[in-house]
Amino acid sequence: MEEQAEELRELMKDDKLSASTKTTTDVVKNHATRIIAITSGKGGVGKTNVAVNMAIAYAQLGKNVILIDGDLGMANVNVLLNIVPKYNLLQVINHQKTMQEIISDTEFGIKFIAGANGFAKIANLSLEELDYFAKQFSSLANADIIIIDTGAGISNNVMQFVRAADEVYIVTTPEPTAITDAYGIIKIITTEIMDREIMIKLLVNRVHSADEGKRISERIINIVGQFLNYKVDYIGFVYDDPVVQASVIRQKPFIVINPTSKPSLCIKHMVGRIEKTEIKDRNGVANFLKKFLGRSK
């Protein structure tokens, strides 16, 4: 992997996004929606901040992006976006609204879907109700990117999102407890879901140097390889910086408040790297639904 710190220095010299990297959001014959679940072993590691700012970075590349708040217990994506959604997924489950009716537009170029505590009841829906939900979710197939901010930990809802996503990004920090919990959730994913095709990638948040991010990631990746015989990729790091806390207080994403800050450039760099990788399964939303609802049927 090329040294991220060096690339960041280059980005800081010239933060202009090349027009050649932008893509249209037209739905073409081979269009596939990339579905990313962002999760963590414990709360407080900045998972939601990462999800929100990555979604906006994708939108800045011209992508059609939908951000879903999948943290059913402590939903707070709307707080970071400073919006109060009128509807949420529970209205879809209860046949009160269509999926398109609950999507909120934002000033940041992304669309947002609010979760709800009642979303947990999807595991107990009838086949007819599941069919309705599947048809509604299928209406999101025109999106280029769907990012799901899951809850922290290993609840059934978190595992359901993780199982169905194309890629799973584990967010951790240099704190020993966060490192331990990151390994713990990777162990749960690899031993309980039993799907060797799940693409797990590690993101180290709140680092003070590129070396720190690399050192933390290598420690986790080596342990996972040794004891779980599983390959986890290092996707990158995000610097610890006062702009992040300032953005939370202002309820405006840091990539918007200060697009040339170190955390913003880290997010842009990661999104650029992700865009260079292919999705293994080209069925997008259809494949997500197959895996997401599989255990419920």
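How many helices and strands does the chain have? Colour by secondary structure and you'll find 13 helices and eight strands. Keep in mind that this is a predicted model.

**Stop 1: the whole chain**

Switch to pLDDT colouring. The chain averages a pLDDT of 84, with 82% of its residues at 70 or more. Now select residues 14-30, where pLDDT stays under 50. The model gives this stretch 22 contacts beyond four places in sequence. Where pLDDT is low, the predicted coordinates should not be read in detail, so don't linger on individual atoms there.

Back to the full view: 52% of the 297 residues count as buried. Among contacts with a separation of 6 or more, 81% join residues 24 or more positions apart.

**Stop 2: the nonpolar cores**

Select L67, I147 and I189 and show their side chains. In the largest nonpolar core, which has 66 residues, these three touch the most other members. Add α2 to the selection, as this helix gives the most to the core, with nine residues. Next, pick I66, I146, F161 and A165: they belong to a second, separate core of 27 residues.

**Stop 3: the second largest pocket**

Clear the view and select G46, K47, T48, N49 and R206. Of the 26 residues lining the second largest pocket, these lie nearest its centre. The elements giving two or more residues to that lining are α2 (47-60), α3 (77-81), β7 (199-207), β8 (233-239) and α10 (242-250), so give each of them its own colour. The largest share, four residues, comes from α2, the helix you just met as the top contributor to the largest core.

How much space is in the second largest pocket? About 480 Å³. Colour its lining by class and you should get eleven nonpolar, nine polar and six charged residues.

**Stop 4: two positive phi angles**

Move to N229, in the loop between α9 (210-228) and β8. Phi of N229 is near 55°, a positive value in a residue other than glycine. Is N229 buried or exposed? N229 counts as exposed, because its relative accessibility is 59%, and the cut-off is over 50%.

Finish at Q251, in the loop between α10 and α11 (254-257). Q251 isn't a glycine either, yet its phi is positive, at about 55°. With a relative accessible area of 28%, Q251 is partly exposed.

Methods:
Residues are numbered from 1 along each chain as its sequence is written. This is a predicted model: local features need pLDDT of at least 70, side-chain atom pairs count only at pLDDT 80 or more; totals for chains, interfaces and linings use all residues. Side-chain values use heavy atoms; hydrogens and water are left out. On a 1 Å grid over the protein atoms alone, a cavity is a set of points where a 1.4 Å probe fits but cannot get out, and a pocket is an open set with protein on both sides within 12 Å along at least five of seven lines; lining residues have an atom within 4 Å of a point. Grid points are joined across faces, edges and corners, and a volume is the space filled by probe spheres set on the points. Ala, Val, Leu, Ile, Met, Phe, Trp, Tyr, Cys and Pro count as nonpolar, Asp, Glu, Lys and Arg as charged, and the others, Gly among them, as polar. pLDDT is the predictor's confidence in each residue, from 0 to 100. Contact means heavy atoms within 4.5 Å. A nonpolar core is a set of buried Ala, Val, Leu, Ile, Met, Phe, Trp, Tyr and Cys residues joined through side-chain atoms within 4.5 Å. Buried means under 20% relative accessible area, exposed over 50%, partly exposed in between (1.4 Å probe, protein chains only).
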